[in-house]
Amino acid sequence: MSSRGGGGSRGGRRQEYGRGQSQSPGQSASSGGGRGRGGGRGRGRGGEGGVGAGRGRGVSGSPSPAFTQPPPTFSVPVTPPVSESPSSSSGPSHPSVSSGSSFNVGDLSLQMGQQLALEPKPRPATEPPPSSSKAVRVAPRPGYGTLGLKCTVRANHFLVQLADKDLHHYDVSISPEVTSKKLNRDIMTQLVEMYKESHLGRRTPAYDGMKSLYTAGALPFESKQFVVKLTENDGQTGSSSGSSSSRRERKFTVTIKLASKPDLYTLQQFLRSRHSDSPQDAIQALDVVLRAPPMQRQNCIVVGRSFFSKDIGSEGDLGGGVQYWMGYYQSLRPTQMGLSLNIDVSARSFYEPILVTEFIAKYFNWRSLSGTLSDQDRIKARRALRGIKVELTHREYARSYKIADISREPTRQITFTDDRGRRISVVQYFREKYNIGLRYTDLPALQVGTDAKPTYLPMEVCKIVRGQRYTKRLNERQVTALLRATCQRPRDRENNIRGVVRYNEFNRNSLLREFGVQVGEEPTSVKARVLPPPLLKYHETGREREVNPSMGQWNMINKKMVNGGRVDSWTCVNFSSSVDQRLQSDFCKQLVEMCRSKGMEFNPRPIVPMQSFRSGQIEMALTEIHNQAHNLQLLIIILPDVTGSYGKIKRICETELGIVSQCCQPRQVAKLNKQYMENVSLKINVKVGGRNTVLNDAIQRRIPNVSDRPTIIFGADVTHPQPGEDSSPSIAAVVASMDWPEVTKYRGLVSAQPHREEIIQDLYKTVQDSQRGIVHGGMIRELFRAFRMSTGRKPERIIFYRDGVSEGQFSQVLLHEMDAIRKTCSSLEEGYLPPVTFIVVQKRHHTRLFPLEHGSR
């Protein structure tokens, strides 16, 4: 390949990877501020022989976790159906592929089978399962590991055994339509009590609270309507303690219609690795059945797959009118050893069931409620209260309402027309009607009902209904309190999980017995390996040139950075009132000395004098410093005493001004602690383009599937807005390694994309230019070219770590993003198709491992 692009490219396509060949192989690229989140950080937690097994599902050449790839054994006796479709045949078959002259999404199945592996793998002893009905089949586990010390651990999975039952799925339609799952369940419970013997064939169904009903055998009809009369509390959720006039009877029409027959034989084939598609219909049916024991208990609050009740967990205060509840998570999972019930402890935040006036005092951290709310505080209170249910405390029976808004006027100024046609104030009405003298008349009232016909209720007679999830973002103090309260030692966590299994008494539940479901009472034991820690290499001039971490820990004592960065222009700005000018100067002086002692080249004098500003002047101060020093390499920032400014500072520095910043907590600055400065120096070195350490195996070129040929490692994720923000975009981030074979420096790119869009849109894109024609672009293309500029080599292998993808989106994300990778490669050079390993990293799972003997090392 010549330095000018050599040879002609067919069809006029430019071979951009043929340009700039004279680039020095040793030239490095700047880090660019991205942190390599995907770069081989998976912790080896697989079963026997987890070769490099992080918590990911690899498309090729990467092992699956112990709890996702089924083994070729299945202990559940299930009789196959009389007739079976070809797609579920247990005989040998091979994946079907499509071919074509030009690359498109339809070609991906072929490429997945032929080109995405890190290295060609020998054909397994057993034939692969039939091709998935989806366009992509996840690669089978290539083998088992051999490194490390063998051991056995316990997992919070409890094996599930099934009898041979004929599952039936029915659609449920309730009229008038009901959105409350609790009310739906009350209706279906009443229906079963009324019609089980006469119309349901004495079968007890399992109901998911919405549209699906499951039975262990056929009902004596395919479609039927039922009339259910339900007595409830005046259409509200509160409990009645008054006369019968507070209760009313509602009539519902329930239609039950046969939808499908979930096939346990297909589930058997999937668990034996003879079928590629996970039979979600059968797994969902069994999952609904296993949720019956907690759902049948009174006062059980359900949040997603988690259950909360006073009987199964503690409660505690988080501050601001919010409390945490401890509960448990439950999910049925297909695993290597068959079906298992995954149970883990869980914690969620809930509104504290207190008077609304008490909530306002706690929310704003006020000692008294005298005075009116400012416009700003009223908006905050509206956001916190809107949509939650409150119950009245001054009536004979409890009645609940949903808060629609809060009034603009204080309660004392609100008037309305009563039943006698009088114009009367809310304060006077409560005095005359209920003999209640309102105390907090300066506070706004709660508006319930519609805007056209609003009803106003004083805050002091409304109590927040218990069991309502707090979905707003917790502040830093609340997060700290939640982590402190829920942090458990492994022994305590395992005991709590065992307690949940005993409490639910799965094997004594009548519904589970009818469906032939049995749950093991002991956690599953799995084989594991303790992998040897990697040897870390440091600079030759240090007293310790390499270190072998012990228990995942090591320090920088007697060591120097393998590549120290250079800082010529820097300064410091202080936003803390507790840090004076002398302390600021002493801290920066000692921090610079620490950086130099660890191998960095650091100018001891700031380019502009150090300055201090008030915490309310952050944007002005940063802009002023940027104008004073245009070539500023590093800005050391001492944060304000009150938390909450970090995000704003980073946004201004990184996205608006282009300043590399290092933030420091004022309480740490005051300590002048050497260990803290050592840690900060490591962060600064990476930010200015240095490298702290490298793997010895990388230097020796002994990292499997990385060291043998130029390899680029990607990490990608999409961050979505928090609930309630319907207009904010989602942010996609992609980082890629910029050096080889060390693989220690990364460059990052970010891109905004449509709200809640999980597939990364800007991996590859084309633009039609009037002069140049089609112009290729995208984040992967930019990172490829940066890798070439940095190493002087084009990537000959791609490892792509993808975070944040749910199981239901595996195929969709894989198809589109692999398509983008391939199109990028094709746009750079004709015929350029390096092998790709696409690994989906799942960190939000609930599998927990415990030692056989707690306390044993």
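What percentage of the 857 residues in the protein chain do buried residues make up? In this predicted model, buried residues account for 46% of the 857 residues in the protein chain. The chain contains 19 helices and 39 strands, and among its contacts between residues at least 6 apart in sequence, 70% join residues at least 24 apart. Three regions of the chain, together with one individual residue, are described below.

The first region concerns helix 6, which covers residues 356-363, and helix 7, which covers residues 375-385; the axes of these two helices come within 11 Å and cross at roughly 120°. Because angles of 65 to 115 degrees count as roughly perpendicular and those over 145 as roughly antiparallel, the crossing makes helix 6 oblique to helix 7. The crossing of helix 6 past helix 7 is right-handed. On the side of helix 6, the contact is formed by Val356, Phe359, Ile360 and Tyr363, which meet Lys380, Ala381, Ala384 and Leu385 of helix 7. Sorted by class, the residues in this contact between helix 6 and helix 7 comprise seven that are nonpolar, none that is polar and one that is charged.

Helix 7 also takes part in a second arrangement, this time with a sheet. Five strands, in the order 19-18-15-14-20, form this open sheet, and their pairing is antiparallel. Its edges are strand 19 (454-457) and strand 20 (462-464), each of which pairs on one side only. With direction ignored, neighbouring strands of the sheet are turned against each other by 55° on average. Strand 14, made up of residues 389-392, runs antiparallel to strand 20 and is joined to strand 20 by three bridges; within this pair of strands, glutamate 391 stands opposite lysine 463 of strand 20. Helix 7 packs on the sheet by touching strand 15 (400-410) and strand 18 (444-449), and the direction of helix 7 makes about 175° with that of strand 15.

Another sheet is found further along the chain, where four strands in the order 28-26-29-30 form an open sheet with parallel pairing. Here the edge positions belong to strand 28 (611-612) and strand 30 (661-664), each pairing on one side only. Two bridges connect strand 26, which spans residues 570-574, with strand 28, and these two strands run parallel; valine 573 has glutamine 611 in strand 28 as its bridge partner. Helix 16, which spans residues 674-687, packs on this sheet and touches strand 29 (634-638) as well as strand 30, with a direction that makes about 160° with that of strand 30.

A further helix pair consists of helix 13 (residues 618-628) and helix 14 (residues 646-657), whose axes come within 10 Å and cross at roughly 35°. This crossing of helix 13 and helix 14 is right-handed. Ile618, Glu619, Leu622, Thr623 and His626 of helix 13 meet Ile649, Ile652, Cys653, Glu656 and Leu657 of helix 14, and by class this contact has six nonpolar, two polar and two charged residues.

Finally, methionine 738 lies in the loop between strand 33 (730-737) and strand 34 (746-753). Since buried means under 20% relative accessible area, methionine 738, at 2% relative accessibility, counts as buried. Although methionine 738 and serine 790 are 52 residues apart along the chain, their C-alpha atoms are separated by 6.2 Å.

Note on methods: Residues are numbered from 1 along each chain as its sequence is written. This is a predicted model: local features need pLDDT of at least 70, side-chain atom pairs count only at pLDDT 80 or more; totals for chains, interfaces and linings use all residues. Side-chain values use heavy atoms; hydrogens and water are left out. Axes are lines fitted to C-alpha atoms, for helices over the stretch in contact, and angles run from 0 to 180 degrees between N-to-C directions. Angles under 35 degrees count as roughly parallel, over 145 as roughly antiparallel, 65 to 115 as roughly perpendicular and the rest as oblique. A crossing is left-handed if the near helix is turned anticlockwise from the far one by less than a right angle, and right-handed if clockwise. Contact means heavy atoms within 4.5 Å. Ala, Val, Leu, Ile, Met, Phe, Trp, Tyr, Cys and Pro count as nonpolar, Asp, Glu, Lys and Arg as charged, and the others, Gly among them, as polar. Two strands pair if DSSP finds at least two bridges between them. Buried means under 20% relative accessible area, exposed over 50%, partly exposed in between (1.4 Å probe, protein chains only).
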